[in-house]
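Here's my quick note after going through the model. Have it open next to you while you read.

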Amino acid sequence: MEPKIDVVLSPNLLELYDLSGKIVVVIDVLRATSTMCAAMSNGVRHIKPVATVEEALKHQGGDWLVAGERNGEKVTGFDFGNSPAEYTKDVVDRKQLVLTTTNGTKCILASTQADEVLIGSFFNYSKLGEYLKSSAKDVILFCAGWKNRVNLEDSVFAGYLVDYLKESHTWESDAVELVHLAATTAMNDLEAFLYNASHAKRFRRLGNHEDLKRCCAIDAYPSLMRYENDLLVPFDN
Ligand code: 3SL
């Protein structure tokens, strides 16, 4: 029997899904999971996702980098915000990263019932798609959205993965159809398709005109990582 694929369009819908025995891919294209892929590709040893600013700040000192955002902006006192551009090799190599973000890190912490929790973004698209295909297990694509609302960029990336797995996995719901339809349109010009996404507009209001383009770079940081013992750790397939 073929493995199945389904999509959770927003964190508020997660309770409707049984994660046990499945692979969950947490998706927060703008920008938490993109940042994680960039940081991991540039050499961080592991990433600790935490829910609150206070918890992140407890890690200050040693070789921990404290990072993240609230409402798209770097938190006062943190070493880094949440732009993938900040996580260059010269500053993150061999370091430990603790990260708290408005939506993405919370979704990782909410997925621990799953057999395996992975991180997805356009940055690791092909490598992740190949891993999911070869593992032949049921997959749930968990879109982080924005404060429990559905968003365009996470839905579109879920659709890209659905497309990658369309020969190997059976579609479980209309949500899968929906994201696949969005992705097949977006594939003509991904950045243009996402230009009017609400979070892309939020970035422009904050003066950030680069991260949308940056986060659309398919396979730019092809790192795989899974959540184990409170940490995102790299692995290769
Ligand atoms: O919500 C999140 O987890 C972040 O990715 C939001 S932001 O892109 O950094 O604003």
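The points below cover the ligand site and then a helix.

1. First, a caveat: this is a predicted model, and every distance and area below is computed from it.

2. Start with where the ligand is. The ligand sits in the largest cavity. There are 14 residues around it, and D28, R31, N82, T101 and N103 are the closest of them.

3. What is the shell around the ligand made of: nonpolar, polar or charged residues? It's a mix: seven polar residues, four nonpolar ones and three charged ones.

4. Now for some polar contacts. N82, already listed among the closest residues, has a polar side-chain atom 2.7 Å from an oxygen atom of the ligand. H199 also uses its side chain, with a polar atom 2.9 Å from a ligand oxygen. With A32 the backbone is involved: one of its polar backbone atoms is 2.9 Å from an oxygen atom of the ligand. As for cover, the ligand would expose 290 Å² if taken alone, and the protein buries 100% of that.

5. A32 is worth a second look, as it also belongs to helix α1, which spans residues 32-41. Is A32 buried or exposed? It's buried, and so are T33, S34, T35, M36, C37, A38, A39 and M40 in that helix. That fits the overall count for α1: nine of its 10 residues are buried, leaving the helix mostly covered.

6. One last backbone detail to check on your screen: G43 follows α1 and has a positive phi, near 105°.

Conventions. Residues are numbered from 1 along each chain as its sequence is written. This is a predicted model: local features need pLDDT of at least 70, side-chain atom pairs count only at pLDDT 80 or more; totals for chains, interfaces and linings use all residues. Side-chain values use heavy atoms; hydrogens and water are left out. A residue is near a molecule or strand if one of its heavy atoms lies within 4 Å of it. A polar contact is a pair of N or O atoms within 3.5 Å; within protein, one must be able to donate a hydrogen and the other to accept it, and residues adjacent in sequence count only if both atoms are side-chain atoms. Accessible areas come from the Shrake-Rupley method with a 1.4 Å probe; for residues, only the protein chains shown count as cover. On a 1 Å grid over the protein atoms alone, a cavity is a set of points where a 1.4 Å probe fits but cannot get out, and a pocket is an open set with protein on both sides within 12 Å along at least five of seven lines; lining residues have an atom within 4 Å of a point. A molecule sits in a cavity or pocket if more than half of its atoms lie within 2 Å of its grid points. Ala, Val, Leu, Ile, Met, Phe, Trp, Tyr, Cys and Pro count as nonpolar, Asp, Glu, Lys and Arg as charged, and the others, Gly among them, as polar. Buried means under 20% relative accessible area, exposed over 50%, partly exposed in between (1.4 Å probe, protein chains only). Helices (H or I, at least four residues) and strands (E, at least two) are DSSP runs, numbered from the N terminus.
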